[in-house]
Amino acid sequence: MSASTPTIAPFEGQSVCLFCGSSDAADPVYTRAAAEFGAATAREGWRLVYGGGGVGLMGASARAAHEAGGRVVGIMPAFLRSRERLFDEVETIVVTSMHERKQLMYDQSDAFVVAPGGIGTLEEVVELLSWKRLDLHGKPVIFLNIGGFWETFFALMRQSVETGFTPPSFLQAWTVCDTVEEAIAAMRHADASPALKHDQR
């Protein structure tokens, strides 16, 4: 992080980061799930941390959380402001790079939910899981596996284990939830963990 790291208003409750796609061309079932998740975070009193865009699943989740009265923080690199159409009705931090965006999203979050998305979402979660594999953090990672979207990714991870590149214990590094209700329940369970709040590794 640079010395000019933006300041974000403090939040005392649970913060969940949502990684998800920004495409408006995605199947509406994924967009509806993202909106449902955003609204649920507001009902639970959690802060939603996301990529700052107003399009695709990102925009749907942020709008739903905001409309339900929830706290939302978007983090957007300056060069993506036009492509992902900044959603400025919520607190939004504009940073200089993708690396700064990911670091700030990580620092501001207690747990992570990974909804369907494209190469950007995949890149975000792979780095997050790599950090977990290296014991750099112990924060929960929850896949929102709507319609089995992430099954091929899980198969690749199993192949990595079966071929000896990754220890079997790595397959316990995440939780898989097939519905928004299951993901919210998993978040509640994580919120109850005494180790979660003060994990600063």
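## A small cavity and the sheet beside it

The largest cavity encloses about 60 Å³ of space. Keep in mind that this is a predicted model. The count comes to 1 cavity of 30 Å³ or more. How does one find such a spot? Rolling a probe the size of a water molecule over the atoms shows where empty space is left.

So who lines the largest cavity? The residues are F19, K102, M105, Y106, F112, E124, E127, L128 and W131. Sorted by class, that lining has 6 nonpolar and 3 charged residues, with no polar ones. Two helices, α3 (98-107) and α4 (119-133), each put in at least two lining residues. The biggest share comes from α4, which gives 4 residues.

Now for the sheet. Its 7 strands form an open sheet with parallel pairing, and reading across gives β4-β3-β2-β1-β5-β6-β7. At the edges sit β4 (91-95) and β7 (175-177), each pairing on one side only. From one strand to the next, the twist averages 25°.

Two helices that pack on this sheet are set out below.

| Helix | Strands touched | Angle between directions |
|---|---|---|
| α1 (residues 28-44) | β1 (15-19), β2 (47-50), β5 (111-114) | about 175° with β1 |
| α2 (residues 56-67) | β1, β2, β3 | about 160° with β2 |

Strand β1 is touched by α1 and also by α2. One residue of β1 to look at is V16. Is V16 buried or exposed? V16 counts as buried because its relative accessible area is 0%, and the cut-off for buried is under 20%. Leaving out residues up to four places away in sequence, V16 touches F37, T41, W46, R47, L48, V49, S109, A111, V113 and M187. One of those contacts, W46, is 30 residues from V16 along the chain, yet the two C-alpha atoms are separated by 6.9 Å.

Moving over to β3 (residues 71-77), this strand pairs with β4 in the parallel sense over 5 bridges. Within that pairing, M76 stands opposite V94 in β4. P77 also belongs to β3. Which side of the burial cut-off does P77 fall on? With 0% relative accessibility, P77 is buried, because the cut-off is under 20%. V94 turns up again among the contacts of P77, which include V95, S97, M98 and R101 as well, not counting residues up to four places away in sequence. There is a link back to the cavity here too: K102, one of its lining residues, lies 25 residues from P77 in sequence and 9.8 Å from it in space, C-alpha to C-alpha.

On the other side of β1 in the strand order come β5 and then β6. These two pair in the parallel sense over 3 bridges. F112, another residue of the cavity lining, stands opposite V141 in β6.

Which way do the residues of β6 (residues 141-144) point? V141 and F143 point one way, while I142 and L144 point the other way. Why the back-and-forth? In a regular strand the side chains alternate between the two faces of the sheet. As for burial, V141, I142, F143 and L144 are all buried.

To pull the cavity and the sheet together: F112 belongs to the lining and has V141 of β6 as its opposite number, while α4 gives the most residues to that lining.

How values were computed. Residues are numbered from 1 along each chain as its sequence is written. This is a predicted model: local features need pLDDT of at least 70, side-chain atom pairs count only at pLDDT 80 or more; totals for chains, interfaces and linings use all residues. Side-chain values use heavy atoms; hydrogens and water are left out. On a 1 Å grid over the protein atoms alone, a cavity is a set of points where a 1.4 Å probe fits but cannot get out, and a pocket is an open set with protein on both sides within 12 Å along at least five of seven lines; lining residues have an atom within 4 Å of a point. Grid points are joined across faces, edges and corners, and a volume is the space filled by probe spheres set on the points. Ala, Val, Leu, Ile, Met, Phe, Trp, Tyr, Cys and Pro count as nonpolar, Asp, Glu, Lys and Arg as charged, and the others, Gly among them, as polar. Two strands pair if DSSP finds at least two bridges between them. Axes are lines fitted to C-alpha atoms, for helices over the stretch in contact, and angles run from 0 to 180 degrees between N-to-C directions. Contact means heavy atoms within 4.5 Å. Buried means under 20% relative accessible area, exposed over 50%, partly exposed in between (1.4 Å probe, protein chains only).
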